[in-house]
Amino acid sequence: MFVLQMPSFPTAPGALIWNHRPEHRELLEIDSCVQQWIRACTAFIAAENEHKPMSRGPLGEVQFWKDRHLRLSGAHEQLSNDPNIEGCVVRLLEAQKEKSL
């Protein structure tokens, strides 16, 4: 697992930030969090790629894949079940879209 930095304000859909156009400082904080998420995910994947089966043979291979499944499932759960993560990404995409108009 990895730790994800969150903004100091709620960003989930329906939060107060959705009631107004986000201020520059809010976008900077969200961007900083997303950059940290990218670094954390990259480090997690790199560490995951270093894992090797603990023993030879089919049982070692089965255990290796079970363990990998648990680690990756945990990361997936963390990323997909936090509405603040979705809110941060959506807000950044909206700001980028507005900027390009």
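**Exercise 1. The nonpolar core**

Determine which residues of the largest nonpolar core touch the most other members, and which helix gives the most to this core.

*Solution.* The largest nonpolar core of this predicted model has 13 residues, and those touching the most other members are F2, L4, I30, V34, W37 and C88. Next, consider the helices: at least two residues of the core come from each of α1 and α3. Finally, the greatest contribution is that of α1, which supplies seven residues.

**Exercise 2. Confidence along the chain**

State the mean pLDDT of the protein, and identify the helices in which confidence is lowest and highest.

*Solution.* Begin with the whole protein: its mean pLDDT is 86, and 96% of its residues reach 70 or more. Then turn to the helices. Confidence is lowest in helix α3 (residues 83–100), with a mean of 84. It is highest in helix α2 (residues 58–80), where the mean is 92. As a rule of reading, predicted coordinates should not be interpreted in detail where pLDDT is low.

**Exercise 3. The surroundings of E48**

Locate E48, decide whether it is buried or exposed, and list its contacts beyond its neighbours within four places in sequence.

*Solution.* First, the position: E48 belongs to helix α1 (residues 24–50). Second, the accessibility: the relative accessible area of E48 is 5%, which is under 20%, so the residue is buried. Third, the contacts: once neighbours within four places in sequence are set aside, E48 is in contact with R68, R71 and L72. For R71, a polar contact joins its side chain to that of E48 at 2.7 Å.

**Exercise 4. A15 and G87**

Establish where A15 lies, whether it is buried or exposed, and what distance separates its C-alpha atom from that of G87.

*Solution.* A15 is placed in the segment before α1. Its relative accessibility is 11%, and therefore A15 counts as buried. Along the chain, A15 and G87 are 72 residues apart, while their C-alpha atoms are separated by 8.8 Å.

**Exercise 5. An aromatic pair**

Classify the arrangement of the rings of F64 and W65, and compare the accessibility of the two residues.

*Solution.* Two quantities describe a pair of aromatic rings: the distance of the centres and the angle of the planes. The count of such pairs here is one. In the pair of F64 and W65, the ring centres are 4.9 Å apart and the planes stand at 80°; because this angle is over 60 degrees, the pair is edge-to-face. As for accessibility, F64 counts as buried at 9%, whereas W65 counts as partly exposed at 47%.

Notes:
Residues numbered from 1 in each chain as written. Heavy atoms only, no water. Buried < 20%, exposed > 50% of the residue type's maximum accessible area, 1.4 Å probe, protein only. Polar contact = N/O pair within 3.5 Å; in protein donor to acceptor, adjacent residues only side chain to side chain. Contact = heavy atoms within 4.5 Å. pLDDT = per-residue confidence, 0-100. Core = buried A, V, L, I, M, F, W, Y, C linked by side-chain atoms within 4.5 Å. Phe/Tyr/Trp six-rings, centres within 6.5 Å; stacked < 30°, edge-to-face > 60°.
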